[in-house]
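Student: Could you take me through the enclosed empty space in this model, with a close look at what lines it?

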Amino acid sequence: MTGPDEERPNFFLLLGLDPAVPWDEALFNREFAKQRASWTKASGGIGRRASEAKAKLFWKEQIDGVMRDPERREQEQARAGQLQEAARIARRAELSARLDLLLVRGFLLEEEVAKLRTDFAEVLESSPELKRRLAAAPLRQALSDVPAPLDPAREAEILTHLDGVRAQSLYDVLHEVDQAVTHTSAREVLLAAADQLADKAHKIKDKRNPKVLHWERLSSLARVVFGSDDEHRRHDVSMRQARLQSLLTDFEETLSIAAEVSAPQVELFLRRARDRGIEDIEHARGYFVEYFRARKWPVQLPAEETQRQLARLVQCAYCHELNKPREKVCQTCGESLRIPCPNCGQVEPRYGGGCRCGFPIGQRPLVESLLAEARSAAERLDLERARLDLERAERIWRLPPDRADELTVRLRDTRRALDETRDRITTAATSVERLIRERRFVAAVEQLRAAPDGLPQRDQLLSQAERAVDQAREHYRQARQPDHTSTTRAELYAEALRVCDDFEPARGELQRIPPEPPRRVRAVVDGPAAGVRLEWQPSLDPDISYVVVRGVGVRSPSCVEDLPDQQRVGTTVRTSWRDRRAAEVPGRTLRYAVFTERRGTFSAPAAAEPVLVAADAADVRCTAEEGRVVLTWRVPEHAVRVEVRRTALGSGADGVVLSELGVGRAVDTEVRTGMRYRYTLRVAYRDAADGLWWSPGVVLDVTPIERPLPPGPLTAAAKPTTTGMYRHRVQLRWPAAEAGVVWIVRQAGAGWLREGEVMAEDALHRDGLILRDGPPADDVWINSEMDLCSYFPVLLFEHSGHVGRPRRYAYTNEPADVEGEFGGATVRLGWRWPDGVVAALVGHDTARLPVDPTAASGQLVVDRLGGEPYGGVEVPAGDGGELYVLVAAVVRRDGLDFVTSGVPVRIRRPGVRVGYAVRHLNRRRRELILWTEQPVTLPALVLVSRPGRLPCARADGIRVAEIPSGMTVTGQRTVALPRGTGDESHHRLFTAAATDSVAVEWET
C-alpha cells in the first residue's frame, strides 16, 4: 500500500538541494523563495509547464512544514538519498542494456557513442566499468552519415599550400608549432595552434621567405576548418581522399601498360593505405575499385580473409608501421604496442600519434627526451633551460588533474624539484637583497656564504657586504681610542652603524652614551577636535628622532614604555607633534614628555606643563514641540558640571541659564511658539589645581511650533517592469506638506515605526530604505526574497520626524478574471482567487477610478471562504450609470493586512434591464423565466448553478444551460432547462463573454 509521502515529490529533490551535504537553513530559504517565485510566474501561463508549476505550488505549505521540522526533515533527507541511489542503479542498468543491444552487431557507430556519452554522462562518471566498456567498443562511422568532402576550391587551396611547406595535412603543419597536436586533438587545441602558426609567420622579418605566405594562409584556413565540427569532418574526408588519390595516381602510372590490376596489387594498395592512416579498408577498396572500373580496367580482388587480416594489423603510434595483431612491440622501432592511453585507458593507437580520445600518445619518446634534457639542465643549474624543456614536455603530456601515469608522475616530480630549487634560490636572493637594502651587512655575509649554488651575483654581493663590515669595524676601532671625547665616540659609533646597521659592538657602546634631551617643551590645547599641540627646541645631537609620551595622573612620564598610566603616542624627526587623540580622555590632566632617540638609546625626559582637554557633550539634540523645547545629551566621563544657556534671537536680551537640568536632559517651557531661540551647552571639568575648565560649547538654534499633522494619505500603485533590470516597481504618491519635507521609509514586513511617533531624524536610518524625492517616487525592488513591506510617510520638521499612517503593501498575484455586471442598485463582482491570498479589498467610486484601493471612498473587505477558487461581492452602486472598482489581493501577516495595488475595472450600466428566475416544476424539472418591459435581443447567455451560495463568476459552478445569441424577449419568455440532480439550489445568469456584459442589466 502506498503511503502519503510516496504519493508526493521529495522536497529535497524538488528544490534541488543535495541531501548528502549538511543542512543549511539560509540556503533552503533562498532556494525555496526562488523556486516559489518561479512556480508562481509559470502557473499564470497555459500548457504543460503551467500545469506542472501549479502542481508544485500545491505543496508549498507542506514543504515549509516538513523542512522546518528537524525530525521530519531528517526523514525527508534520508528518503532523498534512497531515491537518488535507486535512480543511479536504474540508469546504470539502462545503459548496460543499451550497450548489450547495440554490440550484438559487433561495433558502435560514432554518433551512437556520442549520444550515449551525452545522455549517460553522470552514469559514466560514477561507473568506471561501463566507461571502459564503452571506450573499448569497436567504432565505425555510418556510411549514410559520412560527410561530403570540403568545397573543391577550398580543398585545392589547402592542398596547394600544404605542398608549399611539404606537409600532408593541416595536422602536420600545426604539429610544428605545438607538438601535442595530433589527428585526434580537440578543437580548442587545434585553434590555439593555428593562432601560434600565425604568430610564427608574423615574427619572420624576411617576408620574401616563401613559407611565410603558406603559413599565414594555412593558419587562416585552419581557423575556418577547425572552427566548426561539420567543416572539421569534411576536412578529414578530403584529406583521406587526397591520400587515396595520391596512391591511385602512383598505381595508375605504374600499371598503365598492363591496364589491369591483380589481387596482390590490390592487397598492396590496401596495405599502403593502412600505412597512410586509412583505417576503413572496405572504404579504401571500394574507392580503388570504382576508380579503375571507371577506366574499364579489369580488377581482381583479394580474398575476404586477406582484407580482414589487413584490417586487424596494429599501427605503431610512434613510427606508424603496421604490425601483426599479437605483436607486443613494434617490429620496426621496438616501442610497445600495448601501452594503454593514460587519458582514457584504451589500447588503440591511431595514425598521427594520437589516441581516439585526442591524447598524443605517440609523443611519448619526445616527452621522455625533453624530460631528460630538463633534468640535466637542472643539475647544471641552468634553470631557464630546464624550465623551457619541462614546460614543452608538460604541454604535450597534459592529463586532467585527476589522472596520472608513470610519466606524469616523473614530470610532476621534476617540476617539484625544479620549483624547490628555484624557490630556495629566490628566497635566498630576496633575503640577501633585503639585508643589503637595510644595511645589515653582517647577516648578509653569513647568508651569502651559506647560500645555495646558482645564486645570481653571489661573489659581487659578498664582496660588497664584506667591505661594508670592514668599514664599520674601522669606525669602531677609531672610536675606541682613549683620547676622544664622548661626543666624538658617539659620532664614530653612529657612523659605524650608518655603514652597517647590524654591527652590534658599535650599538652596544653607543647605548652607553645617551643623547641630549630636547629643550623648552610646551603643550597647547587648540580645541577638543584639534587635540593637543606640542612644540620644543631641538637636541644638539645629530642623527636623532623624538618620542612623545602622554601620561595621565600626578606624575610626568619617566620612560618611553607603555604603562597603565602612560602611552607612547608618536615618533617624529621634527620639533613639533599634534596629539589628535587627546580628546579620547577628556577631563583628565594630561602630562607630556618628549625623549630624544638615537638608534635605540633614549635621553632623559623633557616634560611640558600639564594640560586638560575639555570636550563638549556628545549626541546633543534639540527638539522643538508645541510650547516647549527638549534638549538631550550624553555627558563625557569626568565632567563635573553642565550649563545650558538660552538666548532669544533678535530680542537683544541677555541669555538665561536654565536652572533645572536632568541627567542628560532639559525641558524648557519658558518659550513662545514661533520665536527662534539659541541654546548653548557647555561642560566643565576640574583640573589638578581644583579649577574649572569649560568646553567651547555646542550651539543649536530652534523654533517652537505647533505640532504638525502627519502626512497622508499615501497611495501605492504597481508599474510595469519592461527592462528586466529589477523585480518589481511601485509608484508612491502623497499630498504635499505645508511645512517641512516628506520622506517615505520602506521597511520589510510590519516594520518598527508606528503611526503618530515623533523621533530624531537620524533614527530613521536604522533600518529600511528612505525615498527622499517626489511625489511621485518610484521604489524599485531588487531583493528576490521580499514580498511584503510597509511604506511610512514621515514629515521632517526641525530635525524631528512625524510618522503618518503606513501603506502596507504586498507583492503577489492579483485576483484574476475580474468580472462585473449591474443588477439594480448594486454591481455584482466576481474573480478568481490567486494562491496564498486570504481576502480581497474592493475599493470603489462612482466618479473616478481610485488611485489606491486603501484610499478609495468606498471599501469592502471580502474574506476567502476556505479554499474556494472564486470569490465575489455585491457593491452598492445607487442610481449612477458607472462604477469604478479596484480589486486588490490581501495577505495577512502578524495580524496585519498587506494589500496589492489592485486590478482596475470600469462597469457601465446598460440601457436594457432583464429580469430572470429559475422555477422548479418538481425535484428535477425546472425552467428559466425571462421578462423585460421592452423588446430586447439577448447576447449569448450561460446559466451557472452551485449548491450553498450564488456563483461568483462564469467558471464558479456547474453550467446548467447555454443559450445562443439572438433570442428575443418581449414581455416574458420561458426556456426549458435540462433535467438536474435537484441539488442546484442557487442559480445565476451571465452573458457568455465578458465583452458582452454591458448589453443587459440583470434583475433577479
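Tutor: What follows is an account of the cavities, taken one at a time, and then of one helix pair. The model is a predicted one, and within it the count comes to three cavities of 30 Å³ or more. Rolling a probe the size of a water molecule over the atoms is what shows where such empty space is left.

The largest cavity holds about 70 Å³ of space, and its lining is made up of Phe12, Leu17, Asp18, Val21, Pro22, Trp23, Asp24, Leu27 and Phe28. Sorted by class, that lining has seven nonpolar residues and two charged ones, with no polar residue.

The second largest cavity, with about 40 Å³ of space, is lined by Glu819, Gly820, Glu821, Arg828, Leu829, Gly830, Cys952, Arg954, Arg988 and Phe990. Strand E31 (816-823), strand E32 (826-832) and strand E44 (986-991) are the elements that each give two or more residues to this lining, which by class has five charged, three nonpolar and two polar residues.

Turning to the helix pair, the axes of helix H9 (residues 152-164) and helix H12 (residues 210-225) come within 10 Å and cross at roughly 140°; since angles over 145 degrees count as roughly antiparallel, H9 and H12 are therefore oblique to each other. Their crossing is left-handed, and in the contact Arg154, Glu157, Ile158, His161, Leu162 and Gly164 of H9 meet His214, Arg217, Leu218, Leu221, Val224 and Val225 of H12, a set that divides into six nonpolar, three polar and three charged residues.

Notes: Residues numbered from 1 in each chain as written. Predicted model: local features only at pLDDT ≥ 70, side-chain atom pairs only at ≥ 80, totals over all residues. Heavy atoms only, no water. 1 Å grid on protein atoms, 1.4 Å probe; cavity = no way out; pocket = protein on both sides within 12 Å on 5 of 7 lines; lining within 4 Å. Points joined across faces, edges and corners; volume = space filled by probe spheres on them. Nonpolar A, V, L, I, M, F, W, Y, C, P; charged D, E, K, R; others polar. Helix = DSSP H or I, 4+ residues; strand = E, 2+ residues; numbered from the N terminus. Axes fitted to C-alpha atoms, helices over the stretch in contact; angles between N-to-C directions. Parallel < 35°, antiparallel > 145°, perpendicular 65-115°, else oblique. Left-handed = near helix turned anticlockwise from the far one by under 90°. Contact = heavy atoms within 4.5 Å.
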